[in-house]
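Here are some short exercises for getting to know a protein structure. Try each task yourself before you read its solution.

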Amino acid sequence: MFAPSDLDVLVPTKDRPGALAVTLAGLAAQTVSGFRVVISDQSQEPVADDPLVAAQLRILGHRDRPAAVHHHLPPRGMAEQRAFLLGRAERRLALYLDDDVWLEPEAIEVLLSAIGELGCGFVGYALHGLSYRDDVRPAELAPYEEWTDGVRPERVRRESPAWQRHTLHNASNPLHLAREHLGSPGPRDWRPYKVAWIGGCVLYDRERLLECGGFDFWRSVPPRHAGEDVAAQLRVMERYGGAGLLPSRAYHLELPTTVTDRRAECYDYVFETACAR
């Protein structure tokens, strides 16, 4: 089993101090302490100078969750941003947490328990978009399938049926999945399910992520790109397996995305280009 002292929480951020302050407040309120927070800041004005962020950094330190902020410029895309963070991680586990995500207090405790029990390459929470909580989409929930006999490696590509699992994480689908399959879970209950990928809150076995290349592909993609987390997760999943967890304990703040140009998908450069060689 893993302890909080085995964990680095890696947070990329750019020009969203208010959202980052909410994210850090969620980390400060976790039921476990001893993890470390590493922030890569690509804001024009250093985010640590914002009063709300500065207050949360002090609270994190006071509550035995030390935080370090690196002002990392110039921006070269999200894959490089994540590679930079991975290079500063030191502990066995690395939780990538986007700067617009609030976690329930038990979230990290449950993630640590799940990856220790499942022994796979990553586990994560799909993000709730609660503005869609009354928007039930049965067709998008249909690909749901639980891991019932341990998590196994999977090869997931666009042409495979498993790719259709990406609809499970649209809108507020994680909320509706939990209601349909779990009823009223306890505060630390969880159930693993099969994913195509997970965005926003993913806990990796850091050594296994590095073994699969991490985000080293950042040099081969245009600076304006999208889907870097998809490419990394597919590589880890193929070797070590990965799982989503229900119920999700992560909530999207539903701010406009900072990745507005999505014409260059990392998948095409990591998998399609490699196949063409």
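The exercises below walk through a predicted model, with a worked solution after each task.

**Exercise 1. The sheet**

Task: Find the order of the eight strands in the open sheet, and name its edge strands.

Solution:
- Step 1. Going across the open sheet, the eight strands come in the order E3-E2-E1-E4-E8-E6-E9-E7, and their pairing is mixed.
- Step 2. Strand E3 (67-71) and strand E7 (191-193) are the edge strands, since each pairs on one side only.
- Step 3. On average, neighbouring strands of this sheet are turned by 25° against each other, with direction ignored.

**Exercise 2. Partners of the strands**

Task: Work out how E1, E2, E3 and E4 are joined, following the residues that stand opposite one another.

Solution:
- Step 1. A helpful reminder: strands of a sheet pair through backbone hydrogen bonds, which may be parallel or antiparallel in sense.
- Step 2. E1 and E4 are paired in the parallel sense by four bridges, and here Val 9 stands opposite Leu 95 in E4.
- Step 3. E1 is also joined to E2 by six bridges, and these two run parallel. Val 9 has Val 37 as its bridge partner in E2.
- Step 4. Between E2 and E3, which run parallel, there are five bridges. Val 37 stands opposite Ala 67 in E3.
- Step 5. Look for helix H3 (residues 78-88) too: H3 packs on the sheet and touches E1, E2, E3 and E4. The direction of H3 makes about 150° with that of E1.

**Exercise 3. The surroundings of E1**

Task: How many of the seven residues of E1 are buried?

Solution:
- Step 1. Sort the side chains by direction: Leu 7, Val 9, Val 11 and Thr 13 point one way from E1, while Asp 8, Leu 10 and Pro 12 point the other way.
- Step 2. All of these residues are buried.
- Step 3. That makes seven of the seven residues, so E1 is largely enclosed by the rest of the structure.

**Exercise 4. Helix H1**

Task: Check the span of helix H1 (residues 17-28), then find what covers its buried residues.

Solution:
- Step 1. Allowing 1.5 Å a residue, the 12 residues of H1 should span 16 Å. The end C-alpha atoms of H1 are 16 Å apart, which agrees.
- Step 2. H1 has as its buried residues Ala 19, Leu 20, Ala 21, Thr 23, Leu 24, Gly 26, Leu 27 and Ala 28.
- Step 3. The cover over these buried residues includes strand E1 (7-13), strand E2 (36-41), helix H2 (51-62), strand E4 (93-97), strand E5 (101-103) and helix H4 (107-118).
- Step 4. Together, E1, H1 and E2 form a right-handed β-α-β unit.

**Exercise 5. Helix H4 and what comes after**

Task: Which residues of H4 are buried, and which residue takes a positive phi just after H4?

Solution:
- Step 1. The buried residues of H4 are Ala 107, Ile 108, Val 110, Leu 111, Leu 112, Ala 114, Ile 115 and Leu 118.
- Step 2. Just after H4 comes Gly 119, with a positive phi of about 65°.

**Exercise 6. Two cysteines**

Task: Why is there no bond between the sulfur of Cys 212 and that of Cys 120?

Solution:
- Step 1. Cys 120 holds the cysteine sulfur closest to that of Cys 212, and the distance of 12 Å is too far for a bond.
- Step 2. The structure holds zero disulfides.
- Step 3. Cys 120 counts as buried because its relative accessibility is 2%, and Cys 212 counts as buried at 8%.

Conventions. Residues are numbered from 1 along each chain as its sequence is written. This is a predicted model: local features need pLDDT of at least 70, side-chain atom pairs count only at pLDDT 80 or more; totals for chains, interfaces and linings use all residues. Side-chain values use heavy atoms; hydrogens and water are left out. The expected span of a helix is 1.5 Å times one less than its number of residues. Buried means under 20% relative accessible area, exposed over 50%, partly exposed in between (1.4 Å probe, protein chains only). Contact means heavy atoms within 4.5 Å. Two strands pair if DSSP finds at least two bridges between them. Axes are lines fitted to C-alpha atoms, for helices over the stretch in contact, and angles run from 0 to 180 degrees between N-to-C directions. A crossover is right-handed if, with the strands pointing away from the viewer, the path from the first strand over the helix to the second runs clockwise. A disulfide is a pair of cysteine sulfur atoms within 2.5 Å.
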